Amino acid sequence: MELWYTEKQTPDHGITSKIRRTLYHEQTDFQSMDVIETKTFGRMLVLDGMVMTTDEDEFVYHEMLTHVGMFTHPNPKKVLVVGGGDGGAIREVLKHPSVEKAVLCEIDGRVIDVSREYFPAIAGALSDERVDIQVADGIQHIEAHKGEYDVILVDSTEPVGPAVGLFQKPFYQGIYDALKPDGIMVAQTESPWFNRDLIAQVYQDISSIFPVARLYTASIPTYPSGLWSFTLGSKGKDPLSVDVSEIPELETKYFQPELFHALFKLPRFVEVLTQGEK
């Protein structure tokens, strides 16, 4: 008998993958969590029936969430990752030598524990001495730490359950207040194919708070539609003004300096979302 896992990404569309076995299942205080072993993407972390990360394509998401904002900031020393209990964003943050402290604020501590056990290549950097792990609500953490961070990365799940508040304007205002005067934020903002209303609203909210707002995309095969968006808000520097010749080479698989400015060249149907159209 063949075993297949299917994520119903919309009521009318899904992604399916042949699996070898289920490695772990748990109902945490916040969500259903599964680790399955797939034939194509290796181990896959699934929360509430939605793919969060896989062995094979996780590098795209984590590199793209992290390095665009980190290289836009002139000297990021203190960084906050909201969500991201798998540790991938923290791993990428620590590749920047200027970083002195990286705070992980994840509401569900069991995601951290399970990721350490089943995804050591992703979560391994959580043991770095520069990392401060806070098992707490990200919204409350931000409200309590005004003016502290150089960069804040929002590594959230889809806008359901405990993550709904991470896609709302008061949260982005809280991020603005938690950033230093030259601070930068980046948030994952879902699929331009399936979440156009959300992307347009988030972009409008962030651009109404931050002097600079930019949308960019990347290709992530296990996420809905494969085309994924990220929204950057900056109190100061515009990523379009970054001199790519000054971006050092890091040990990455997707991101490279030559790609930096091209990321902001959007397909027209995505570009209109930054202009208030859907």
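## Strands, cores and a buried helix face

In this predicted model, strand S4, which covers residues 42-47, is joined to strand S5 by 4 bridges, and the two strands run antiparallel. Within this pair, Leu47 stands opposite Met50, a residue of S5. Both strands belong to an open sheet of 5 strands, whose order is S1-S2-S3-S4-S5 and whose pairing is antiparallel. At the edges of this sheet are strand S1 (3-10) and strand S5 (50-54), each of which pairs on one side only. From one strand to the next, the twist averages 50°. Helix H3, made of residues 109-118, lies across strands S2 (13-27), S3 (32-38) and S4, and its direction is at about 95° to that of S2.

The nonpolar cores come next. The largest of them has 40 residues, and those with the most contacts inside it are Met64, Val68, Tyr216 and Phe230. Several helices and strands give two or more residues to this core, and some of them are listed here.

| Element giving two or more residues to the largest core | Residues |
|---|---|
| Helix H1 | 58-72 |
| Helix H2 | 88-93 |
| Strand S9 | 149-155 |
| Strand S11 | 212-219 |
| Strand S12 | 227-234 |

Helix H1 gives the most to this core, namely 8 residues. If neighbours within four places in sequence are left aside, Met64 is in contact with Tyr216, Thr217, Ala218, Phe230, Tyr254, Phe255 and Leu263. There is also a second, separate core of 30 residues, which includes Leu80, Ala213, Leu227 and Val270.

A single glycine shows how residues that are separated in sequence can be brought together in space. Gly87 is found in the loop between strand S6 and helix H2, and it counts as buried because its relative accessibility is 0%, where buried means under 20%. Although Gly87 and Leu126 are 39 residues apart in sequence, their C-alpha atoms are 6.1 Å apart in space. Not counting residues up to four places away in sequence, Gly87 touches Ile122, Ala123 and Leu126.

Helix H6, which covers residues 169-178, has Phe171, Tyr172, Gly174, Ile175 and Ala178 as its buried residues. Seen down the axis of H6, these buried residues fall within an arc of 155°, and therefore they line one face of the helix. What covers the buried residues of H6 includes strands S6, S9 and S10, together with helix H5 (138-143) and helix H7 (196-209).

Definitions and conventions
Residues numbered from 1 in each chain as written. Predicted model: local features only at pLDDT ≥ 70, side-chain atom pairs only at ≥ 80, totals over all residues. Heavy atoms only, no water. Pairing = 2+ DSSP bridges. Axes fitted to C-alpha atoms, helices over the stretch in contact; angles between N-to-C directions. Contact = heavy atoms within 4.5 Å. Core = buried A, V, L, I, M, F, W, Y, C linked by side-chain atoms within 4.5 Å. Buried < 20%, exposed > 50% of the residue type's maximum accessible area, 1.4 Å probe, protein only. Arc of directions from axis to C-beta.
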